[in-house]
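The following account examines one protein chain and explains how several of its local features relate to one another. The reader is invited to keep the sequence and the coordinates at hand.

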Amino acid sequence: QVQLVESGGGLVQAGGSLRLSCAASGRTFSNVAMGWFRQAPGKEREFVAAISWSGGTTYYTDSVKGRFTLSRDNAKNTVSLQMNSLKPEDTAAYYCTADPRNFRILDDSCKRHDYWGLWGQGTQVTVSS
């Protein structure tokens, strides 16, 4: 069964850090881009970050630039989102996602929901003020 499983969410005070992980299983994900979206209550799911299949290119939404870092370990089929200097507005369910196409060059279209094919179940991040 092909799936993505997120972990690492939790409750943290503003200014703190969390590290989210996404474990992929059922097939190799080393040749596809991976990404993270988030959804706060009452809001649409929004793009957070993406990384190319090689790890050489990353995209971030403006609100997390300089605070979040996305990385991947293709040998372990995992991606990690290091989140520093967290703010209450970062509170949301965070979802890992994978590109359905192999070796696609990552571009700005990765910020769209329909770019992605496989989604995890999400992990909750709550930042208290």
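The paragraphs below treat a sheet, then the cysteines, and finally one aspartate. The structure is a predicted model, and every value quoted is computed from it.

The sheet offers a convenient point of entry. Its four strands follow the order β1-β3-β8-β7, and the sheet they form is open, with antiparallel pairing. At its edges lie β1, residues 3-7, and β7, residues 68-73, each of which pairs on one side only. From one strand to the next the twist averages 15°. In general terms, the strands of a sheet are held to one another by backbone hydrogen bonds, in either a parallel or an antiparallel arrangement. Here, the edge strand β1 is joined to β3, which covers residues 18-25, by five bridges in the antiparallel sense. Within this pairing, L4 has A24 of β3 as its bridge partner.

Strand β3 also leads to the cysteines. How many disulfides does the model contain? The count is one, and the bond is formed by C22 and C96, whose sulfur atoms are 2.1 Å apart. Since a disulfide requires two cysteine sulfur atoms within 2.5 Å, this pair satisfies the criterion at its separation of 2.1 Å. The link connects distant parts of the chain, with C22 in strand β3 and C96 in strand β9, 74 residues apart. The angle about the S-S bond is -80°, and the link of C22 and C96 is left-handed. Is C22 buried or exposed? With a relative accessible area of 0%, C22 is buried; C96, likewise at 0%, is buried.

A further cysteine, C110, takes part in no disulfide. The nearest cysteine sulfur to it belongs to C96 and is 13 Å away, whereas the cut-off for a disulfide is 2.5 Å. C110 is nevertheless buried, because its relative accessible area is 0% and the threshold for burial is under 20%.

The last site to consider follows strand β9. D99 is located in the loop between β9, residues 92-98, and β10, residues 118-119. Although D99 lies in a loop, it counts as buried because its relative accessibility is 2%. Which side chain makes a polar contact with that of D99? The partner is R104, and the contact is 2.8 Å. Leaving aside residues up to four places away in sequence, D99 touches V32, A33, R104, Y115 and W116. R104 thus appears both as the polar partner of D99 and among the residues that D99 touches.

Notes:
Residues numbered from 1 in each chain as written. Predicted model: local features only at pLDDT ≥ 70, side-chain atom pairs only at ≥ 80, totals over all residues. Heavy atoms only, no water. Helix = DSSP H or I, 4+ residues; strand = E, 2+ residues; numbered from the N terminus. Buried < 20%, exposed > 50% of the residue type's maximum accessible area, 1.4 Å probe, protein only. Polar contact = N/O pair within 3.5 Å; in protein donor to acceptor, adjacent residues only side chain to side chain. Contact = heavy atoms within 4.5 Å. Pairing = 2+ DSSP bridges. Axes fitted to C-alpha atoms, helices over the stretch in contact; angles between N-to-C directions.
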